[in-house]
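Here's a quick tour of where the empty space sits in this protein and how its strands line up. Have the model open as you read.

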Amino acid sequence: MSAIRTAIIGFGTAGRVFHAPLVAADPRYALSAIVTGSPERERAARHEYPQTDILADTDTLFARAREFDLVVIASPNDSHAPLARAALEAGTHVVIDKPIAVTAAEAREITTAAREAGRVLTVFQNRRWDGDFLTLRDVIARGRLGEVRQFDSAFEWWQPDTGTGWKDLAGPDQGGGVLYDLGPHLIDQALQLFGEVTDIHAERDRRRPDSRSDDDSFLTLRHVSGVRTRLWMSTVAPAPRPRFRVSGSRAVFRAHGLDPQEAQSIAGRRPGDAGFGLHDDGRAAVVEGPQGTQNVPLRAGDYREFYRRLAAALREGGPLPVDPNDSIRALEIIEQAIRQTR
């Protein structure tokens with residue numbers, strides 16, 4: 001069966017660290033083209049993927065659309081919906097890096113366009129395949145925590161100065177800020193674990209004097225199931241909270257540190273390398289309750305699963321790795337949080 005001819009738009013963090021290595025590592029795909037207008041990123045892409053066409057702009061890509069089966073959109077947030085529409089009109093399937101769009105209305109428009117075009121559209125919610133999240137799902141499914149009552153999830157780091165990238169320069173109307181950056185991950189994980197949300201409380205702050213958008217935000221979600229979710233996201237945390245702290249009627253689950261796949265990819269390691277997706281220090285999560293404390297080995301994170309499932313969807317009509325409606329629901333919650341905190 002021929003490889004899925006794939007073009008990636010963007011070679012910043014999303015394209016270079018996540019999508020290109022994952023596509024290149026999977027024999028079901030061919031990394032056929034990378035689109036970047038940056039001379040520096042063009043040189044990096046040519047060095048890393050010498051057999052791949054490097055294109056300067058999306059006009060060139062879409063003029064050659066018949067050469068590609070799949071377009072991966074890994075560009076700034078406010079370009080997601082326009083580029084998805086263009087790719088669908090050109091006849092390709094589409095992967096959009098989160099968030100699916102800046103507004104839920106835009107997102108619904110492009111999902112409708114994909115359905116009418118008979119093309120696959122899905123969203124790269126890769127944090128569903130973080131090792132600590134996979135471990136937590138197993139622990140909950142086995143009933144080790146009892147009835148889950150509170151889910152605390154934090155994604156924080158220390159970057160006290162604003163940078164020159166689009167994430168720091170864009171306003172909320174362009175999808176800038178930490179809520180648009182990390183919220184789609186944290187909200188999606190909460191919805192996957194505990195289902196629909198009835199109430200939210202939001203706090204959005206700009207801690208750095210020259211920030212255009214929020215850099216320190218907090219959400220509380222009340223699920224229909226009764227679970228209370230609390231989500232922290234920050235680029236100005238001198239020290240991070242636990243990545244997960246999940247309180248149940250019988251025990252508490254704790255895990256520290258971020259999934260290592262992103263850092264490993266930045267360091268030059270690749271999916272499939274020995275130990276990829278595992279913490280090099282061998283850390284474990286903890287389940288603690290009245291009966292004592294037990295270490296829980298962390299599963300290996302595996303973002304490759306997204307592209308495995310996508311190949312099955314494209315070739316065999318299997319289910320999508322991520323239903324875009326899930327990402328739209330997370331985006332609706334983000335929009336509600338922004339309205340609440342204006």
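First, a term you'll need: a cavity is a set of grid points where a 1.4 Å probe fits but cannot get out, and its lining residues have an atom within 4 Å of a point. Keep in mind that this is a predicted model. Two cavities of 30 Å³ or more turn up, plus a largest pocket of about 1,100 Å³. On the strand side, there's a six-stranded open sheet with parallel pairing, and some antiparallel pairing further along, such as S11 with S12.

**The second largest cavity**

- This one holds about 40 Å³.
- Its walls are made by Pro99, Ile100, Gln125, Pro184, Ser327, Ala330, Leu331 and Ile334.
- Helix H11 (residues 324-340) chips in with four residues, the largest share of that lining.
- By character, the lining of the second largest cavity splits into six nonpolar residues, two polar and no charged.

**The largest cavity**

- Here you get about 60 Å³ of space.
- The residues around the largest cavity are Val17, Phe18, Pro21, Leu22, Gln261, Glu262, Ser265, Pro271, Phe276 and Tyr303.
- Two elements give two or more residues to this lining: helix H1 (13-25) and helix H9 (261-266).
- H1 has the largest share, at four residues.
- The lining of the largest cavity comes out as seven nonpolar, two polar and one charged.

**The largest pocket**

- What lines the largest pocket, and which residues lie nearest its centre? The lining runs to 50 residues, and Thr13, Ala14, Trp166, Lys167 and Asp181 are the ones nearest the centre.
- H1, helix H7 (166-169) and helix H8 (178-194) are the elements that each give two or more residues to the pocket lining.
- H8 gives the most, with five residues.
- As for chemistry, the pocket lining has 16 nonpolar, 21 polar and 13 charged residues.
- H1 is worth a second look, as it gives residues to the lining of the largest cavity and also to that of the largest pocket.

**The parallel sheet**

- Strands of a sheet pair through backbone hydrogen bonds, either parallel or antiparallel.
- Reading across this open sheet, the strand order is S3-S2-S1-S4-S5-S6, with parallel pairing.
- Strand S3 (53-55) and strand S6 (121-124) are the edges, each pairing on one side only.
- From one strand to the next, the twist averages 25°.
- At the S3 edge, three bridges link S3 in the parallel sense to strand S2 (residues 29-35), and Ala33 sits opposite Asp53 in S3.
- Helix H10 (residues 304-316) lies across strand S1 (4-9), S2, strand S4 (70-73), strand S5 (93-97) and S6. Its angle to S6 is about 175°.

**The antiparallel strands**

- Strand S11 (residues 244-248) and strand S12 (residues 252-255) run antiparallel, joined by four bridges.
- A hairpin of three residues takes you from S11 to S12.
- Phe244 has Ala255 in S12 as its bridge partner.
- S12 also pairs with strand S13 (residues 284-289), antiparallel again, through three bridges.
- In that pairing, look for Phe253 opposite Val287 in S13.

Terms used: Residues are numbered from 1 along each chain as its sequence is written. This is a predicted model: local features need pLDDT of at least 70, side-chain atom pairs count only at pLDDT 80 or more; totals for chains, interfaces and linings use all residues. Side-chain values use heavy atoms; hydrogens and water are left out. On a 1 Å grid over the protein atoms alone, a cavity is a set of points where a 1.4 Å probe fits but cannot get out, and a pocket is an open set with protein on both sides within 12 Å along at least five of seven lines; lining residues have an atom within 4 Å of a point. Grid points are joined across faces, edges and corners, and a volume is the space filled by probe spheres set on the points. Ala, Val, Leu, Ile, Met, Phe, Trp, Tyr, Cys and Pro count as nonpolar, Asp, Glu, Lys and Arg as charged, and the others, Gly among them, as polar. Two strands pair if DSSP finds at least two bridges between them. Axes are lines fitted to C-alpha atoms, for helices over the stretch in contact, and angles run from 0 to 180 degrees between N-to-C directions. Contact means heavy atoms within 4.5 Å.
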